[in-house]
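Got the viewer open? Let's take a walk through this model, one selection at a time.

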Amino acid sequence: MASKSADVRPIIILQSTAGTGFRYTTRKNRRNNPDRLRIRKYDPIARRHVEFVETR
């Protein structure tokens, strides 16, 4: 079995840039997206769509 660090689709955490501390967890394909992910998603604490960035 492959180790977790060499996994092609690792579990990542997306942190809100609005400063609310809200997080999403998801998986990403490391071959297609080798850089840190930046996605606009809904932040229920801020009650609006904000940019979420991948944390490590």
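## Start with the sheet

Show the chain as a cartoon and you'll find an open sheet of four strands, ordered β2-β1-β4-β3, with antiparallel pairing. On the edges sit β2 and β3, each of which pairs on one side only. From one strand to the next, the twist averages 40°. Keep in mind as you go that this is a predicted model.

Now trace the chain from the N terminus: the elements run β-β-β-β. There are four strands and zero helices. Zoom out, and the C-alpha atoms fill a box of roughly 40 × 20 × 15 Å along the principal axes. Of the 56 residues in the chain, 23% are buried. Switch on a surface if you like: about 4300 Å² is exposed, and carbon and sulfur atoms supply 48% of that.

## Stop one: the β1 and β2 hairpin

Select β1 and β2. They pair in the antiparallel sense over five bridges. Which residue in β2 is the bridge partner of Ile11? Click across from Ile11 and you land on Arg27. Further along, Gln15 stands opposite Arg23 in β2.

The hairpin has six residues between its strands, and Gly19 takes a positive phi near 85° there. Phe22 lies in the loop between β1 and β2 as well, so let's pause on that side chain. Is Phe22 buried or partly exposed? At 23% relative accessibility, Phe22 counts as partly exposed.

Show the neighbors of Phe22, leaving out residues up to four places away in sequence. Phe22 touches Leu14, Gln15, Ser16, Tyr42, Asp43, Pro44, Ile45 and Phe52. For a distance to check in the viewer, take Phe22 and Ala46: their C-alpha atoms are 9.1 Å apart in space, while the two residues are 24 apart in sequence.

## Stop two: the nonpolar core

Next, select Ile12, Leu14, Leu37, Val50 and Phe52. These five residues make up the largest nonpolar core. Which elements give two or more residues to this core? They are β1 and β4. As a general point, nonpolar side chains tend to be buried together in soluble globular proteins.

Keep Val50 highlighted and look at its surroundings, again skipping residues up to four places away in sequence. Val50 touches Ser16, Thr17, Ala18, Ile39, Arg40, Lys41 and Asp43.

To see how contacts are spread over the chain, consider those with a separation of 6 or more: residues 24 or more positions apart account for 32% of them.

## Stop three: the salt bridges

Now turn on the charged side chains. Side chains of opposite charge can pair when their charged atoms come close. How many salt bridges does a search of the whole structure find? The search finds three.

Begin with Asp7 and Arg27, whose closest N and O atoms are 3.9 Å apart. Asp7 is in the segment before β1, and Arg27 is in strand β2, so this pair ties together parts that are 20 residues apart in sequence. Asp7 is partly exposed, at 26% relative accessible area, and Arg27 is partly exposed too, at 43%. You've already met Arg27 on this tour, as the bridge partner of Ile11.

Move on to Lys28 and Glu54. Here the closest N and O atoms of the salt bridge are 3.1 Å apart. Lys28 sits in the loop between β2 and β3, while Glu54 belongs to strand β4, so the pair links parts that are 26 residues apart in sequence. Are these two buried or exposed? Lys28 is buried, with a relative accessible area of 5%, and Glu54 is buried with a value of 5%.

Finish with Arg38 and Glu51, whose side chains meet in a salt bridge at 2.8 Å, N to O. Arg38 lies in strand β3 and Glu51 in strand β4, so the pair ties together parts 13 residues apart in sequence. Color these two by accessibility: Arg38 counts as exposed at 55%, whereas Glu51 is partly exposed at 28%.

## One last look

Go back to the cartoon view and find the order β2-β1-β4-β3 once more. Then put the core residues Ile12, Leu14, Leu37, Val50 and Phe52 back on display, and add the salt-bridge pair Lys28 and Glu54 beside them in your selection list.

Definitions and conventions. Residues numbered from 1 in each chain as written. Predicted model: local features only at pLDDT ≥ 70, side-chain atom pairs only at ≥ 80, totals over all residues. Heavy atoms only, no water. Salt bridge = Lys/Arg side-chain N within 4 Å of Asp/Glu carboxyl O. Buried < 20%, exposed > 50% of the residue type's maximum accessible area, 1.4 Å probe, protein only. Pairing = 2+ DSSP bridges. Axes fitted to C-alpha atoms, helices over the stretch in contact; angles between N-to-C directions. Contact = heavy atoms within 4.5 Å. Areas by Shrake-Rupley, 256 points an atom, 1.4 Å probe, with all protein chains shown as cover. Core = buried A, V, L, I, M, F, W, Y, C linked by side-chain atoms within 4.5 Å.
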